[in-house]
Amino acid sequence: QGAEDGVPQKIEFIGRQRTKPKGTAEQYSKPISSINELLANHAVFHRGGNLTFVDHNHGAILACFRQGDDGNPKFLLCANLDTGNAHDLWIDCSCWYRTGQTSLVKDWLTGEEFPLMGPYFHLELNPFGIRAFMPVYR
């Protein structure tokens with residue numbers, strides 16, 4: 001008991017103090033709103049059987065492509081399940097790379113865009129971080 005909160009010793013069942021909040025509402029409201037918007041606006045999240053995991057059995061990161069009806073990947077979804085350490089991973093995004101065009105991956109949750117310079121994308125995730133990428137072409 002208490003290990004999930006990083007408490008150095010066991011919390012006694014009787015007389016335990018209330019847990020202190022881990023963050024503010026403002027800290028969480030934007031990411032939660034973005035996730036809700038993503039789910040509401042894209043039908044690929046309302047069907048099962050359309051995931052391809054690409055995390056190479058990483059110890060902390062879960063990463064998968066979510067395919068559309070045409071079988072093409074529409075989103076790259078990533079989560080770092082390690083609450084204490086950042087992690088990185090190279091992901092094969094050759095399905096999104098187009099020679100002769102500016103290929104970008106856009107993080108739906110933050111709006112940030114990253115150039116896809118070749119078939120591989122270097123993913124960096126903060127502790128307990130989540131990302132939802134989609135391809136953008138210009």
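Which side chains meet in a salt bridge of 2.9 Å, N to O? Select Asp 69 and Arg 47: their side chains form this contact.

**Before continuing**

The structure is a predicted model, in which local features need pLDDT of at least 70 and side-chain atom pairs count only at pLDDT 80 or more, while totals for chains, interfaces and linings use all residues. Residues are numbered from 1 along each chain as its sequence is written, and side-chain values use heavy atoms, with hydrogens and water left out.

**First stop: Asp 69 and Arg 47**

A salt bridge is a side-chain nitrogen of Lys or Arg within 4 Å of a carboxyl oxygen of Asp or Glu. The whole structure contains 5 salt bridges by this search, and one of them is the Asp 69 and Arg 47 pair. Asp 69 belongs to the loop between strand E2 (61-67) and strand E3 (73-80), and Arg 47 to the loop between helix H1 (25-41) and strand E1 (51-53), so the pair ties together parts that are 22 residues apart in sequence. Helices (H or I, at least four residues) and strands (E, at least two) are DSSP runs, numbered from the N terminus.

Colouring by accessibility is helpful here. Buried means under 20% relative accessible area, exposed over 50%, and partly exposed in between (1.4 Å probe, protein chains only). Asp 69 is exposed at 69%, whereas Arg 47 is partly exposed at 31%.

**Second stop: Asp 70 and Lys 74**

Select Asp 70 next, together with Lys 74; they form a salt bridge whose closest N and O atoms are 3.2 Å apart. Asp 70 is partly exposed, with a relative accessible area of 48%, and Lys 74 is partly exposed at 33%.

**Third stop: Glu 112 and Arg 131**

Proceed to Glu 112 and Arg 131, another salt bridge, with 3.5 Å between the closest N and O atoms. Glu 112 lies in the loop between strand E5 (103-107) and strand E6 (113-115), and Arg 131 in strand E8 (residues 130-137), so the pair ties together parts that are 19 residues apart in sequence. Glu 112 is partly exposed at 39%, whereas Arg 131 is buried at 16%. Add Asp 107 to the selection: Asp 107, Glu 112 and Arg 131 are linked in a network of salt bridges.

**Fourth stop: the aromatic rings**

Rings of Phe, Tyr and Trp (its six-membered ring) pair if their centres lie within 6.5 Å; planes under 30 degrees apart count as stacked, over 60 as edge-to-face and the rest as tilted. The count by this rule is 5 aromatic pairs. Select Phe 65 and Trp 96, an edge-to-face pair with centres 5.2 Å apart and 80° between the planes. Phe 65 lies in strand E2 and Trp 96 in the loop between strand E4 (87-92) and E5, so this pair ties together parts that are 31 residues apart in sequence. Phe 65 is buried at 5% relative accessible area, and Trp 96 is buried at 2%.

Turn next to Phe 114 and Phe 133, which are also edge-to-face, at 6.1 Å centre to centre and 75° between the planes. Phe 114 lies in strand E6 and Phe 133 in strand E8, so the pair ties together parts that are 19 residues apart in sequence. Phe 114 is partly exposed at 23%, whereas Phe 133 is buried at 1%. Adding Phe 121 to the selection completes one aromatic cluster of Phe 114, Phe 121 and Phe 133.

**Final stop: Arg 98 and Tyr 137**

Finally, select Arg 98 and Tyr 137. The charged end of Arg 98 sits over the ring of Tyr 137, 3.7 Å from its centre. A charge sits over a ring if NZ of Lys or CZ of Arg is within 6 Å of the ring centre and within 35 degrees of the ring normal.
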